[in-house]
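Biologist: I am new to this one and would love a close look at a single part. Could you walk me through it once it is on screen?

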Amino acid sequence: MNLQIITPDAELFSGEVDSVVVPGSDGLIGILNNHAPLVSSLKSGQVKINNAGDEKFFDVNGGVVEVLKNKVVILAT
Amino acid sequence: MANLKEIRTRITSVNSTMQITSAMKMVSAAKLKRAQNAVVQMRPYAEKLQEILSNVSSSIDTADNPFVKIREEKNILLVALTSNRGLCGGFNNNVIKKTKTLVREYGESSITVLPVGKKANDAFKNSSYLAKDNLPQNSASLWDDLNFENVNSLTEELMSSYENGDFDKIIVVYNSFKNAAVQIIKAEQLLPIVKADSVSENTDNTDYIFEPSQEEIIVDLIPNSLKVTFYKAMLDSLASEHGARMTAMHKATDNASELIKELKLTYNKARQAAITNEILEIVGGAEALNG
């Protein structure tokens with residue numbers, strides 16, 4: 001699935017990933033391929049990306065995530 | 001005819017002025033590029049946020065949100081965005097003029113002006129409607145290092161003063177960036193939020209899962225979108241400033257080279273006249289001797 005992490009100042013990440021874990025305001029949310037459409041607000045924490053064993057981490061300070069048709073957009077602040 | 005030395009000094013001085021203006025133009029062009037990039041960078045974020053917001057709010061009523069609710073307009077806050085530096089044509093004056101027009105429109109008693117940037121500070125320093133201590137005073141330094149986080153602290157204070165009921169309406173007056181040569185003066189209402197009448201293109205009402213709940217997401221998103229709106233105004237203003245300065249300096253450079261051309265012509269005329277005079281004198285002297 002396609003993942004985009006954008007902040008008002010820059011685009012932090014854009015590309016294909018296997019899974020992503022985001023710090024939803026009710027707890028961590030893991031998103032895999034073919035996830036149902038989802039909108040969730042985020043609290044501050046770490047976004048974890050996994051792409052074929054290659055892990056990446058981003059710190060976010062809140063924001064919102066939208067999942068739609070294998071496209072994940074994280075609007076971080 | 002002006003004497004030669006005078007013209008020569010004049011040419012040198014105009015020349016050095018031209019060097020300065022063309023250097024300033026170059027600097028502004030570079031800064032404009034960066035400011036423009038920031039505006040472009042920011043666009044996908046703003047669009048996506050707006051999209052999510054309209055998606056989430058489409059099915060619930062947001063009219064009760066403190067930022068959306070329209071109150072009686074008793075106290076109005078005008079935020080005037082100008083630059084810290086001058087030499088950028090009508091850029092700052094336009095904002096100040098527009099702000100003053102708005103002050104007259106709404107009546108001085110109900111209005112407060114919050115200047116951002118040194119030029120607006122100077123212009124409204126002595127006016128009775130200048131913002132008091134309950135609002136952030138030193139926002140001029142924002143321009144030195146413009147990023148989302150720095151601007152947020154200002155936006156948050158604006159939002160809290162709105163929530164407290166200090167103001168019933170907040171309007172931002174700024175130059176919106178069209179292109180390097182054209183800036184459009186805008187008075188945009190920041191609060192209460194004007195509902196975008198975008199009956200959005202993608203009304204394919206997808207069944208989203210909302211976490212924690214639609215209402216809570218809205219409460220979370222609205223301040224965020226306000227911050228983005230205000231930040232966008234700031235970025236626009238910065239890009240416009242550099243655009244305006246670039247154009248102004250470009251014109252100044254053109255004028256200077258025009259002036260130099262004219263001065264050189266007069267200088268050469270004067271030089272030739274002097275030489276002709278000398279020759280005439282010599283010929284005259286020789287004639288007198290022969291005669």
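Which residues does B:Phe67 touch, not counting residues up to four places away in sequence?

Modeller: Happy to help! This is a predicted model, in which local features need pLDDT of at least 70 and side-chain atom pairs count only at pLDDT 80 or more, while totals for chains, interfaces and linings use all residues. Residues are numbered from 1 along each chain as its sequence is written, and chains are lettered from A and ligands numbered from 1 in the order in which they are written.

Leaving out residues up to four places away in sequence, B:Phe67 touches B:Leu191, B:Pro192, B:Ile193, B:Ile222 and B:Leu226. Here, contact is defined as C-beta atoms, placed from the backbone, lying within 7 Å. Take B:Ile222 from that list: 155 residues separate B:Ile222 from B:Phe67 along the chain, yet their C-alpha atoms are 7.7 Å apart.

As for its place in the chain, B:Phe67 sits in the loop between helix H1 (4–57) and strand E1 (76–81) of chain B. Helices (H or I, at least four residues) and strands (E, at least two) are DSSP runs, numbered from the N terminus. Is B:Phe67 buried or exposed? B:Phe67 counts as partly exposed because 17 other C-beta atoms lie within 10 Å; buried would take 20 or more within 10 Å, exposed 12 or fewer, and partly exposed is in between, with C-beta atoms placed from the backbone.

For the wider setting, the contact between the chains takes 20 residues from chain A and 24 residues from chain B. On the side of chain A that touches chain B, E5(A) gives the largest share, 4 residues.

Definitions and conventions:
Contact = placed C-beta atoms within 7 Å.
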